[in-house]
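Here are some notes on the model you sent, set out point by point. They deal with the ligand site and then with one pair of helices.

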Amino acid sequence: MTTRLTLKTTPPGAPASYTAPTDLPEAATDGSRALVDKFGRVARDLRVSLTDRCNLRCTYCMPAEGLEWMPTEQTLNDEEVIRLITLAVTKLGIRQVRFTGGEPLLRRSLEKIIAATTALTTDEGGSVGTALTTNGLGLDKRITALKEAGLGRVNISLDTLDREHYAKLTRRDRLDHVLRSIDAAIGADMHPVKINTVVMPGVNEDDIVPLAEYCLRKGAQLRFIEQMPLGPREQWKRSDMVTAEQILERLRTAFELSPASEPRGSAPAALWNARGRGLAGKIGVIASVTHSFCGNCDRSRLTTDGAIRNCLFSNSETSLRDLMRSGASDEQLAQAWAGAMWGKLPGHGIDDPGFLQPDRPMSAIGG
Ligand code: SAM
Ligand code: SF4
């Protein structure tokens, strides 16, 4: 039996623009509800940005001088992050939590937040899957503690194996540190360690095959990502981005590729079996632009300053921080979160003539 949880009044502290949707599906009697949208998608995967700050300046993500970081008092403290993750898992059907940023390793309390997350039980009665997306700087020193806290999986970003290219691309000479961290993650049995590579025209296309060879040799799963319009403005052009098809063409110069048989589900990467140069393994390609997977998207995003975004490219968001800081109950927060997801659009519309880049950079939303 279900009962409708209606908020007769706007939650305390809600911005003037806040209106609870009137057609939101009902919550169960215990207040639990799934994060569904009008197109029937259900969010099970929460991306939590733990900081907007970063120690690299990847050209596709940030300007050389960095960004204006958010003042600490505007960002969620540990108790607030943990409260919202707990609500998401215990009342809103979230089953996986990925920590990202900015650079999540810059958050000193990362292990504490992961431990609090892994202590939760999902609606299916299982444990929460946890994952980290990181640039890898300093991961080698924390991998044991992170694993002890319950971290399940790790994605490390690496766009080239060439030291000069790396320094140019990230504006920091830190390639050795990342390679050390990849070895440490593999050594800690975080299987499979995934490597994220954004491919940029005229910058690292020649790195595609060497990166594939390196990952296959190490037993890491490489995933190439089409560059999206989320970094400094005017830098991304649809007409000269490197497409998934072009990435596959490059790979075929060195490897035989066949589609992997695993069902893809809501995973963004299309997986390929690669064989060649005495190596074999899987390589993923994430065609976020040319073959968007919006129809299967199961994500909800919590920004560093406590806003819910139902899509990376959304142009609106709902601040749970403001509601929380003015005394909203868990039920009020859950309803505001469900309302934010209910309004999710069917697709990101990058290819639409009227497409607008989101007002926040990816590092602030949480990539
Ligand atoms: N700092 C961490 C890192 O680099 O892994 C986590 C945050 S970063 C924003 C998350 C992921 O987004 C990284 O794999 C990064 O390569 C990717 N990314 C950043 N800007 C991008 C863009 N414009 N298009 C596609 N992927 C991007
Ligand atoms: Fe930092 Fe990650 Fe953005 Fe690179 S992609 S600047 S590592 S947040």
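1. A polar contact is taken here as a pair of N or O atoms within 3.5 Å. The model is predicted, and the distances below should be read with that in mind.

2. On that criterion, the backbone of Y60 contributes an N or O atom that lies 3.2 Å from a nitrogen atom of ligand 1. Two side chains approach oxygen atoms of the ligand: a polar atom of the S157 side chain lies 2.6 Å from an oxygen atom of ligand 1, and a polar atom of the N196 side chain lies 3.2 Å from an oxygen atom of ligand 1.

3. How much of ligand 1 does the protein bury? Taken alone, ligand 1 exposes 540 Å², and the protein buries 95% of that area.

4. The shell around ligand 1 draws two or more residues from each of the strands β7 (129-134), β9 (194-199) and β10 (221-226). In total 18 residues surround the ligand, the closest being G102, E103, S157, N196 and M228, so S157 and N196, listed among the closest, also supply the side-chain atoms described in point 2.

5. By residue class, the shell around ligand 1 divides into six nonpolar, 10 polar and two charged residues.

6. Turning to the helices, α1 (residues 78-91) packs against α2 (residues 110-118) at an angle of about 25°, and their axes are 10 Å apart. Because angles under 35 degrees count as roughly parallel, α1 is roughly parallel to α2. The crossing in which α1 passes α2 is right-handed.

Technical notes:
Residues numbered from 1 in each chain as written. Chains lettered and ligands numbered in written order. Predicted model: local features only at pLDDT ≥ 70, side-chain atom pairs only at ≥ 80, totals over all residues. Heavy atoms only, no water. Near = heavy atom within 4 Å. Polar contact = N/O pair within 3.5 Å; in protein donor to acceptor, adjacent residues only side chain to side chain. Areas by Shrake-Rupley, 256 points an atom, 1.4 Å probe, with all protein chains shown as cover. Helix = DSSP H or I, 4+ residues; strand = E, 2+ residues; numbered from the N terminus. Nonpolar A, V, L, I, M, F, W, Y, C, P; charged D, E, K, R; others polar. Axes fitted to C-alpha atoms, helices over the stretch in contact; angles between N-to-C directions. Parallel < 35°, antiparallel > 145°, perpendicular 65-115°, else oblique. Left-handed = near helix turned anticlockwise from the far one by under 90°.
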